[in-house]
Each structure stands twice: as C-alpha cells, then as structure tokens.
Amino acid sequence: LIMLFIILMAVQLTPIEDWLCRETGLLRSQYVTLSLKQYVSSIATVVAQRNAAGAAVPDSAIREVSDLCVDIVSAPEALPLVKVLLAVDPLSTLSERFLETITAMSIAGKLQLCYEERLVLWTQYLPSFEQELLNLCERVLQLKTVSDSSAEIEQLVHTKDLTRACISHQYLLSFAEEFFRALTVTSQRSPLVLRLIECFNHCLDEVQESQHVPHTLRAVIEPPPFLE
C-alpha cells in the first residue's frame with residue numbers, strides 16, 4: 001500500500017479527478033490518502049466477509065494482503081484492515097512478517113490492540129507471547145535494584161495482562177514457567193529475576209482469586225534449584 005501511495009502520487013490525475021480536487025479544495029496528497037482509505041476499506045470488507053461466512057478467498061491471497069500491510073500497520077487508515085486480519089482463523093494463514101510486525105508495534109505501544117486481540121495473537125502465535133515476556137524482563141532488569149521494586153514489577157505484570165492470559169490458557173502458563181526457569185539459570189539466579197518470578201506468582205494468585213479458581217488448581221511458577 002505504501003508503494004500504491006507512491007504510484008498514485010506519480011500518476012497524473014484524470015480530468016474528473018483534477019476537477020474534483022479543484023472543486024473540493026483537496027490537495028493531491030489528500031486525494032490520494034482518501035483513495036488509499038477506500039482501497040483499505042474494500043480489502044477489509046472482503047477479509048471480513050471471509051471471516052464471517054467462509055467466503056472463497058484463497059489463503060495465499062490473505063497471506064499476500066497481510067504481507068502488504070507490514071509497512072502501514074501503525075497508520076490509522078490501516079487499522080480496520082489490521083483488525084480483520086487478526087480475526088482470520090487460523091492466524092497461521094497470515095504472513096510471518098506481518099505477525100512479527102504486529103507483535104513489535106504492540107509492545108512498543110505504536111499499535112493499540114485490546115486484550116482479546118492480543119490473546120488471540122499470543123495463543124496462535126507463541127513467539128508473540130515470548131516477546132512480551134522478554135520485554136517484561138528487560139523492563140524489570142532496568143530497575144537495577146531489588147529493594148522496593150515489588151510494587152513496580154507487579155504493576156508492569158498486571159499492565160501486560162500476561163498472568164490473566166496464563167490463567168485462561170494452561171499452555172501459556174507452562175510456556176511462562178519454562179521461560180522463567182531458563183532465565184533463572186542463564187541469569188545465575190539474579191535477585192531481580194527471582195523477585196520477578198515472585199511478583200509474577202503473586203499476580204497469578206490475584207487473578208485466580210478474582211476469577212474464583214479453586215485452590216487445588218492454583219498455579220505457581222517455581223525457579224529451578226541452584227546449580228553448582
């Protein structure tokens with residue numbers, strides 16, 4: 001679509017288009033932006049129809065559309081298309097590059113996804129969940145001190161909704177446990193890492209209590225024992 005914008009800017013307007021620009025007072029770039037919005041809207045409608053009614057749109061076409069969206073996922077004009085693409089089932093139909101970009105933009109706060117949309121991304125594209133855990137660890141390690149860090153760490157954990165996702169999907173909890181176990185070993189049982197695991201467990205406990213999960217099902221992530 002970025003290439004489409006460049007092409008449209010380079011192409012001479014038809015007499016009718018030139019007349020429309022003069023009559024409406026639109027700049028050429030504004031007219032092209034409106035045209036792009038129409039293209040995006042049309043494509044989003046086709047994808048949405050496929051999602052709702054299983055319309056005969058080849059997976060290869062959906063993959064190609066998602067790949068074309070990579071360069072514009074943060075643009076407001078592309079948001080409707082991004083939303084319907086994330087509703088495609090399964091997400092493996094979409095291009096890897098698109099899923100990687102969506103993950104990176106979401107973590108960076110450049111793309112606002114609701115919890116349900118992020119949950120679909122995490123459950124169907126596990127590298128996205130792993131990147132969220134890595135980002136959490138990076139932000140915690142930036143604290144540089146263990147003292148008085150628990151409240152700040154728990155706030156980070158709750159903000160990311162990772163524990164909420166772990167409680168609703170057991171395999172995400174299992175993945176998080178393996179992730180933290182590996183991190184404990186590679187960090188040589190860093191005090192901040194151990195504090196993060198402690199806070200993560202406390203947040204798990206809070207989510208479980210709020211959702212009335214039986215005590216017998218309570219999840220706890222245990223760090224591995226010290227290795228000589």
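## A buried serine in a loop

Ser-95 is buried in this predicted model, with a relative accessible area of 7%. To find Ser-95, look at the loop that runs between α5 (79-86) and α6 (96-107). Setting aside residues up to four places away in sequence, Ser-95 touches three partners: Arg-63, Ser-66 and Asp-67.

## The chain as a whole

Now let us step back to the full chain. The chain holds 12 helices and 0 strands, so its pattern along the sequence reads α-α-α-α-α-α-α-α-α-α-α-α. Of its 228 residues, 39% count as buried.

How much of the contact in the chain links residues 24 or more positions apart? Among contacts with a separation of 6 or more, such pairs account for 69%.

## Where α7 meets α8

Helix α7 covers residues 115-124, and helix α8 covers residues 126-141. The two pack at an angle of about 110°, and their axes are 4 Å apart. Because angles of 65 to 115 degrees count as roughly perpendicular, α7 is roughly perpendicular to α8. On the α7 side, the contact is made by Leu-121, Trp-122 and Gln-124, while α8 brings Leu-126, Ser-128, Phe-129 and Glu-132. Sorted by class, this contact has 4 nonpolar, 2 polar and 1 charged residues.

Tyr-115 is also in helix α7. Is Tyr-115 buried or exposed? Its relative accessibility is 10%, so Tyr-115 counts as buried. Apart from neighbours within four places in sequence, Tyr-115 is in contact with Trp-122, Asp-161, Arg-164, Ala-165 and Ser-168. One of these partners, Ala-165, is 50 residues from Tyr-115 in sequence, yet their C-alpha atoms are 9.1 Å apart in space.

## Where α8 meets α11

Helix α8 also meets helix α11, which spans residues 170-186. Here the axes come within 11 Å and cross at roughly 45°. The two helices are therefore oblique to each other, and their crossing is right-handed.

Which residues form this meeting point? From α8 come Leu-126, Phe-129, Glu-130, Leu-133, Leu-134 and Cys-137, and from α11 come Leu-172, Phe-175, Ala-176, Phe-179, Phe-180 and Leu-183. By class, the contact has 11 nonpolar residues, no polar ones and 1 charged residue. Leu-126 and Phe-129 may look familiar: both are also part of the contact that α8 makes with α7.

## Val-140 and its partners

Another residue to visit in helix α8 is Val-140. With 1% relative accessibility, Val-140 counts as buried. Leaving out residues up to four places away in sequence, Val-140 touches Ile-153, Leu-156, Leu-192 and Leu-196.

How far apart are Val-140 and Leu-196 in sequence and in space? They are separated by 56 residues in sequence, while the distance from C-alpha to C-alpha is 7.4 Å.

## Cysteines

Two cysteines round off the tour. Cys-137, one of the α8 residues that meet α11, is buried, with a relative accessible area of 6%. Cys-166 is buried as well, and its relative accessible area is 1%. How many disulfides are there, if a pair of cysteine sulfur atoms must lie within 2.5 Å to count? By this rule, the count is 0 disulfides.

How values were computed: Residues are numbered from 1 along each chain as its sequence is written. This is a predicted model: local features need pLDDT of at least 70, side-chain atom pairs count only at pLDDT 80 or more; totals for chains, interfaces and linings use all residues. Side-chain values use heavy atoms; hydrogens and water are left out. Axes are lines fitted to C-alpha atoms, for helices over the stretch in contact, and angles run from 0 to 180 degrees between N-to-C directions. Angles under 35 degrees count as roughly parallel, over 145 as roughly antiparallel, 65 to 115 as roughly perpendicular and the rest as oblique. A crossing is left-handed if the near helix is turned anticlockwise from the far one by less than a right angle, and right-handed if clockwise. Contact means heavy atoms within 4.5 Å. Ala, Val, Leu, Ile, Met, Phe, Trp, Tyr, Cys and Pro count as nonpolar, Asp, Glu, Lys and Arg as charged, and the others, Gly among them, as polar. A disulfide is a pair of cysteine sulfur atoms within 2.5 Å. Buried means under 20% relative accessible area, exposed over 50%, partly exposed in between (1.4 Å probe, protein chains only).
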